[in-house]
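Dear colleague,

Please find below the structure I promised to hand over, together with its sequence. My notes on it follow directly after.

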Amino acid sequence: MLKALQKLDTDFANAGSAVSVGKARAGTTATRAVQEGVQMHGGMGMTDQFDIGFFMKRARVCEELFGDANFHAERLALMRGY
C-alpha cells in the first residue's frame, strides 16, 4: 500500500498497476484476518455480541465496492497485455 500511495503522489498516470497490487493484497489480508477472527470465536463470531462479525461484513463490502483480488489480477493481466 505504501508503494501504491507513493506512486500516486509521484507518477499518477502510471500508478494503476501498483494500486491494483496494493488493493488486491489489502483485500485478501483483511478477508483472511476476519475469517480467522470468526473461526476463533466459533459460531458466536457472527452474532451481534462480537464486533468481528461487523468487521467481516465491512471487509466484504469493501472487497466488492473497490474490486476483489480476482478483478485486480485480471486488470493487471490486461495492462501487461496477457
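I begin with one residue. Leaving aside neighbours within four places in sequence, Lys23 is in contact with Met1, Cys62, Glu63, Phe66, Gly67 and His72. Lys23 lies in helix H2, and this lysine counts as buried because its relative accessible area is 16%, under the 20% cut-off. Please bear in mind throughout that this is a predicted model.

Overall fold

The protein chain holds four helices and zero strands, so that its pattern along the sequence reads α-α-α-α. The radius of gyration of the protein chain is 16 Å, whereas a compact globule of 82 residues would have a value near 12 Å. Consistent with the topic of overall shape, the C-alpha trace spans about 45 × 25 × 20 Å along its principal axes.

Of the 82 residues in the protein chain, 24% are buried. Among contacts with a separation of 6 or more, 43% join residues that are 24 or more positions apart. The accessible surface of the protein chain is about 6200 Å², and carbon and sulfur atoms contribute 60% of that area. The protein chain carries 10 positive and 9 negative charges, and the mean positions of the two sets are 5 Å apart.

Helix H2

Helix H2 covers residues 16-41, which is 26 residues. At 1.5 Å a residue, H2 should span 38 Å, and its end C-alpha atoms are 38 Å apart, so the expected and modelled spans agree. Just after H2, Gly42 adopts a positive phi of about 70°.

Which residues of H2 are buried? They are Gly16, Ala18, Ser20, Gly22, Lys23, Ala24, Gly27, Val34, Gly37 and Val38. The buried residues of H2 pack against three partners: helix H1 (2-10), helix H3 (52-66) and helix H4 (69-80).

Gly37 is also placed in helix H2. With a relative accessible area of 9%, Gly37 falls under the 20% limit and is therefore buried. Gly37 and Ala24 are 13 residues apart along the chain, and their C-alpha atoms are separated by 20 Å.

Helices H3 and H4

Two residues of H3 deserve a mention. Met56 is in helix H3 and is partly exposed, with a relative accessible area of 23%. Its C-alpha atom is 9.5 Å from that of Arg32, although Met56 and Arg32 are 24 residues apart along the chain.

Is Arg60 buried or exposed? Arg60, likewise in helix H3, has a relative accessible area of 51%; because the cut-off for exposed is over 50%, Arg60 is classed as exposed. Arg60 and Gly27 stand 33 residues apart in sequence, yet the distance between their C-alpha atoms is 8.7 Å. Gly27 is itself one of the buried residues of H2.

H4 consists of twelve residues and reaches 17 Å from its first C-alpha to its last, close to the 16 Å expected at 1.5 Å a residue. H4 is followed by Gly81, whose phi is positive, near 85°.

With kind regards

Technical notes
Residues numbered from 1 in each chain as written. Predicted model: local features only at pLDDT ≥ 70, side-chain atom pairs only at ≥ 80, totals over all residues. Heavy atoms only, no water. Rg over C-alpha atoms; globule rule 2.2 N^0.38 Å. Buried < 20%, exposed > 50% of the residue type's maximum accessible area, 1.4 Å probe, protein only. Contact = heavy atoms within 4.5 Å. Areas by Shrake-Rupley, 256 points an atom, 1.4 Å probe, with all protein chains shown as cover. Lys, Arg positive; Asp, Glu negative; His and termini not counted. Charge placed at Lys NZ, Arg CZ, Asp CG, Glu CD. Expected span 1.5 Å × (residues − 1).
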